[in-house]
Every structure is written in structure tokens, then in C-alpha cells.
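Me: I am new to this structure and would be grateful for a close look at a single part of it. Please keep the account connected.

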Amino acid sequence: MADGRGVLGVIGFMDFDRLCAFDPALGERLLLTIVDRLTRMLPEERLIAHVDRASVAIWFGPDVVEEAAQTELDVLRYALGDVVIDGDREILPEIRVRQARMPADGVNAQAMLSRTLASLTVQPSAVVAVASPVLDLAALASERYALEQDLRQAIARGELEMRYQPLIDAGEGRVSGAESLIRWFHPTLGQVSPSRFVPVMEAMGLAHEIGMWTLNAAAREARSWQAQGLDALRVAVNVSGHQLDRDDMAALVARTLARHSLGAAALEIELTESVAMSDGTRATQLFDALRAAGVRIAIDDFGTGYSSFSTLRTLAFDKIKIDREFVTNVDTLRDSQAICQSIVALGRGLGIRVLAEGVERRAEYEWLLRHGCTHFQGYYFSPPLKGAEFVAFARDSAGLAKLLAIDPYAMRDRITERLTA
């Protein structure tokens, strides 16, 4: 190390400061446990030093190439991230590793160490929305940390489940498929709202892992529908922006379909308009690859962004979903009526299906149907259902017919009321 040549590795225990914000003793105990694990794993010739509050530096020396150093660091990160038992608490530590080759042009050893330590903190964070202006920061930090820990283990513990909300084709009078929706049933908190855990999931870098779990679960369910004779149904799966960032997303979808012996026509991928437009080039490539394989593409929450029309020009997809913001009370709100009519006309002109989501009242359904929208989703028809419940709903053609039926006399009276108002 005296000649300044070699590979420097840094290992950071990223939970330390957050734990210390509400339980300093717990933070210290976990740090000591991790350091003890680390020293037992390293060979005697490795030089190790405590260089920051919760970071340790390892000097690999000039004879270790960067690839070998990175492999060793990855192994350490995996092992150090194993569960730590503290009383009746199970904690999965968040461990990050970085490395740097010395020397670097114009940078001395101390500066290089500082830069490497600083790089540990480069990670997106989610914003926690709090209704009350009076904050107990320690309590908030403790609650958020506990939620993160539980979410990291939710798949292994079997706490995540899928629900399926029917997609209705009023033109053909049938259920055309379902949107798959993830639900988290926490053993003590009960059902945790997606609006609460999804931002945490994305901030923790779990979007791909949980997203792939969701895709597999939905494909498995769709295959079971086919085995029960419901061959014409399609399952819609939401894809996050973090999943879109992967270059191999199309290949992962193809492998998932093959794993479950499911044809591509049975799958529909949904992205929000903002996600689709966040990287137009990458989205275009992904859309083209998926559509070439036979997978349908839908744009969710259409009309809420500023880029709606440019989206239509630059991206090839199969369905527009009118955001619930414009569907709610569309039978009484003129602004919403104008927006919905425009989107329906746009979809008709481009040959793209238009679905109204968030339909909760019969009057909303009737107005939209009268104005050319024939695809629907919402609580008026059904809430999200378990797999077996969805199959029963899809087979209940008589029940669906009652929901779809429109009384012509009541329709005439409503039109007369509007014309004379």
C-alpha cells in the first residue's frame, strides 16, 4: 500500500445512520455483528480498516485484478446481508460495496477513499407523504425501516398475493381478461396499500424482483384459465419504469411465457404514460420487440400527462386506458365528457382500443357506452378478485348481461332531461 498501487474496496452498512435515528444501541449492535462476520470471512493477509461511521475499507493490493476484487466484494455483500437476529427481531442489513483502482490520475489516496465512500450513498429515495405537520421523525424513521425490512422478506414469507379485476368487452358482451393487481397482506399490519409499499419497493431497488414475481404469478394464473376452458382471456400486467430500464426485459417476458407454456396473445403489458415517455427510445425498442412476439401493449392513465399526443405518434401500442380521473362522474362533468369523447374518437381513428378504468357507477358506464366506449374496468362490474372468484365471474354470462343491459325507456328519459335542462 505504501506505493499507492492496488485495488481499494469499501463495504458500507447503509442502515446504520437510520437505525441510530431511533435506536442507537440497535445500530451499534448490528454494526458490530457485521464487522465480526466480515473479519471471520477475510483471509489473514487482507488489510482492513474502519474508515467511516459505518464503512470498512479493504486493501486488496497490487496483485489482485479488479474482476477478482469485485467477485470477492460481491460474495462479502451477499454473506453480510444475511439475516441478523436481535432479540425477537429479524433484520436484513442493506450492504453496499464499491471498489477503485489506485493510483488514479491526479487523485491522491485520501481523495480516492473519500470519493469511493461518497459513491455508497448514490441511491434514489422515496418520499414519505405525511398528513400531519407535526412530525415524530424518530417514529417515522422506525416505521419506514420496519416496512422496508418486512417488504424485503414478503415474497419468501408468502405474504404477496394477486387479485384480478375483470376487463369487460361490452361490444361482445363478455369478459375479455383481467388486470393483475398485487396485494400485500402483512401478518400484523393487515393489507398494506400499494400506494404505501410501491414507492418503498422502487426506492429499495426491489421493483424488478417483485415485478418478475408478479409476471410469473399472472402467467401461471392465465395458464390455469386456459386449462379450465377459458381460452380467450388475456391477463394484463403492470411494468414499472425500473423494469423498463433493463435491456433484457423482452427476453425475460419471452422466457416467462415459455416457462408457463402460455402463448404471447394471452399477455398484455401495461405501462403508465409517464413511464413510457421517460425514455422514448428504450420504450420504442421494447414495444417493438414485445409486439413482434405477439404480446399486447397498453398505456395506462392516458390523458394525465402533457405528452399524450406525442406518445401516440412515437410508440406503437394496442390499447389506451382512460384515467379514472376523467371517468369519475363523467355523466355530469362537462370537462370530463369532452376529454373522454376526444380520447374515444382518437382511438377509433387510429384503430386502438379504448378502455375506461375506474367505472364505479351505472350512470358512468351508460354515458361512456352511448359515446362510443365499449371496454370497461371498475367496481361497477367487479372489484379485484381471487383467481377462483374471477373464473366464476367470467363464466357468469347472465350476471354480466344484467350489468351491461340498458333500459331504453330510462335512457330516453335521461336524454330528454339533458336536452331540456
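How many bridges join strand S1 to S3, and do the two run parallel or antiparallel?

Reply: The model is a predicted one. In it, strand S1 (residues 6-13) is joined to S3 by six bridges, and the two strands run antiparallel. Within this pairing, Val 10 stands opposite Ala 57 in S3.

Strand S3 itself covers residues 55-61. It also pairs with strand S2 (residues 47-52), again in the antiparallel sense, over five bridges. Here Asp 52 is the residue that stands opposite Ser 55 in S3. The passage from S2 to S3 is a hairpin, and two residues make the connection. S3 thus has antiparallel pairings with S1 and with S2.

The burial of S3 completes the picture. Seven of its seven residues are buried, where buried means under 20% relative accessible area. Both faces of the strand are covered. On one side lie Ser 55, Ala 57, Trp 59 and Gly 61, and on the other Val 56, Ile 58 and Phe 60, all of them buried. Two residues already named in the pairings belong to one side of the strand: Ala 57, which has Val 10 opposite, and Ser 55, which has Asp 52 opposite.

For a contrast in exposure, one may turn to Ser 261, in the loop between helix H9 (249-259) and strand S11 (267-272). Ser 261 counts as exposed because its relative accessibility is 53%, and the cut-off for exposed is over 50%.

Definitions and conventions. Residues numbered from 1 in each chain as written. Predicted model: local features only at pLDDT ≥ 70, side-chain atom pairs only at ≥ 80, totals over all residues. Heavy atoms only, no water. Helix = DSSP H or I, 4+ residues; strand = E, 2+ residues; numbered from the N terminus. Buried < 20%, exposed > 50% of the residue type's maximum accessible area, 1.4 Å probe, protein only. Pairing = 2+ DSSP bridges.
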